[in-house]
Amino acid sequence: MATIVSQLVALTSRVAYEDLSQATIAAAKRAILDALGCGIAALGCEPSKIAARAMPNGPCGDATVIGDKDLSFTHRAVLLNGILVRYLDMMDVYWAKDVCHPAENVPAALACVESVEGSGRRLIEAVVAGYEAQLRLTHAMSLQQMAMHHVAAGGIVAPLVVGKAWGMDPEAIEHAVALAGCRQFTLHGLSKGGLSMAKAIGYAWSAMSSVMASRLASEGFTGPTDFLDWLSDKSVLKLPIDRKALEHDGTYLIERVSFKQFPVQFELQTTGEIAIRLSKKIRDSGSTIESVEIDVAPVTIERTADAAKFKPANRETADHSLPASVAMALLDGKLTAAQFEHDRWADADVAALIAKITVIPNSEYPTKYPKGRPAGFRVKLANGETLADFQAVPSGDAEKPMDDATLEAKFVANASEAFGEARAREIVEAVREVERIERLGELTRLLRP
């Protein structure tokens, strides 16, 4: 019987540009553009500055770090761009048994294709392959079930992306997955309670290490290619892995990815949208807020409304906090990266409103809205009025997708402060026609000053 690793390699090896539908190609371009926008918007963030200092650049680079004028080593570009794309928590999302942010594969695809002077079509192939592997893994197995964070998939998926970008032999890719995957499992404690900067580097670090694993495998270094089979069949955990879910069924799941409006945890997209809507009604009423009750699924409370989230001590915890994000949106009528960067969540008026928020588990929501992220609000005002609102699916979700114009507007808004609107629109045009690019440097030069 084929190993699970060999199934994944077969799944991604079959990805060829000429066989992709126009819908899949368009989905890949959307994913690339959104990831780049998230990375540009995060330029100057503290985790990326620390990582850049910890890994100084050398004289002979072959890949672009977003915002840097000089080329960098491939593995350094994978790490630093990965941190940037992840930092603001504004990238795409997908979930089945586990949640994941598949855009975290774009930095590896971008750097590795550029490093071998690959084409725009090669970039599309690497992105589609990475998304397909990661998204099908969320259907096949639950890392959370074994107390692991979803970024643990990075050690399994990133070598597949690197292998696709570099045109590696399938057998070598299997050993790269084995070498990286069996040593990069990440505890779920990464994102529990009060969060740290580690949230931004979890996947990026695994992706960077996967570059080395791929180089080793290319030179003949072998790894335990049956490590996932062992985890499923012989380990004490007996982790259920649905091998059928790893088979290609004629569609590419990249077309089913959800995009975020706001720079907050994926379940907070609905609550943010409702809070912004209610903010206008509260201002129009001329009254003040006495109390706020919010109904969400029980798992949402576990992830975003535990004790630490009611008193966030840093930005990383605040953008995963239901009460903090709702309080900011209700008071300001918006929910932006700038609010988080300027510690709006720590202001006295936000803290006072957080104290008035009660989050209530609704056990019916998961059954009634299995494909949604439902939330119900009841805001009691000092004038005696109660404002109620409910939404099952946020805008940008796969069930309520963003159109291209909205996604491009999000990119321009994200990129204009750092690069200017003219450069931002030039990047949009380059990604729109990326399959025509013979050498990816034609695109990546636009990401440098």
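The following legends describe close-up views of a predicted model.

**Figure 1. The largest pocket and its lining.** The space within the largest pocket amounts to about 640 Å³. Three elements give two or more residues each to the lining of this pocket, namely α2 (22-41), α16 (337-341) and α19 (404-419). The largest share, six residues, is that of α19. In total, 29 residues line the largest pocket, and those nearest its centre are A41, M90, A337, A338 and N414. By class, the lining of the largest pocket consists of 17 nonpolar, eight polar and four charged residues.

**Figure 2. The second largest pocket.** A volume of about 390 Å³ is computed for the second largest pocket. Its lining comprises 22 residues, with W95, E267, V299, R303 and G372 closest to the centre. At least two lining residues come from each of α12 (298-304) and α18 (365-368). Of the elements involved, α12 contributes the most to the second largest pocket, with three residues. The lining of this pocket divides into 13 nonpolar, four polar and five charged residues.

**Figure 3. The largest cavity.** The structure contains four cavities of 30 Å³ or more, and the view shows the largest, with a volume of about 300 Å³. Among the 22 residues that line this cavity, H150, H188, S191, Q265 and R303 lie nearest its centre. The lining of the largest cavity is made up of three nonpolar, nine polar and ten charged residues. R303 is also among the residues closest to the centre of the second largest pocket.

**Figure 4. The second largest cavity.** The volume of the second largest cavity is about 60 Å³. Residues lining this cavity include D98, V99, C100, Q134, L137 and T138; M141, L143, H150 and A153 also belong to the lining. Both β2 (99-100) and α6 (120-140) supply at least two of these residues, and the largest contribution, three residues, is from α6. The lining of the second largest cavity holds six nonpolar residues, three polar residues and one charged residue. H150, part of this lining, is also one of the residues nearest the centre of the largest cavity.

**Figure 5. The surroundings of C100 and C112.** The structure holds zero disulfides. C100 takes part in none, and its nearest cysteine sulfur, that of C38, lies 15 Å away. C100 counts as buried because its relative accessibility is 1%, under the 20% limit for that class. For C112, the closest cysteine sulfur is that of C60, at a distance of 18 Å, which is too far for a bond, given that a disulfide requires sulfur atoms within 2.5 Å. C112 is likewise classed as buried, because its relative accessibility is 0%.

**Figure 6. Helix α9 and the residue G220.** Helix α9 covers residues 198-218, and its 21 residues should span 30 Å at 1.5 Å a residue. The C-alpha atoms at the ends of α9 are 30 Å apart, which agrees with the expected span. At A204, α9 bends by about 25 degrees. After α9 comes G220, which has a positive phi, near 105 degrees.

**Figure 7. The segment that holds M1.** M1 is located in the segment before α1 (4-13). M1 counts as exposed because its relative accessibility is 90%, over the 50% limit for that class. The C-alpha atom of M1 is separated by 36 Å from that of S191, a residue 190 places away along the chain. S191 is one of the residues nearest the centre of the largest cavity.

Key. Residues numbered from 1 in each chain as written. Predicted model: local features only at pLDDT ≥ 70, side-chain atom pairs only at ≥ 80, totals over all residues. Heavy atoms only, no water. 1 Å grid on protein atoms, 1.4 Å probe; cavity = no way out; pocket = protein on both sides within 12 Å on 5 of 7 lines; lining within 4 Å. Points joined across faces, edges and corners; volume = space filled by probe spheres on them. Helix = DSSP H or I, 4+ residues; strand = E, 2+ residues; numbered from the N terminus. Nonpolar A, V, L, I, M, F, W, Y, C, P; charged D, E, K, R; others polar. Buried < 20%, exposed > 50% of the residue type's maximum accessible area, 1.4 Å probe, protein only. Expected span 1.5 Å × (residues − 1). Bend = angle between axes of the 7 residues up to and from the residue.
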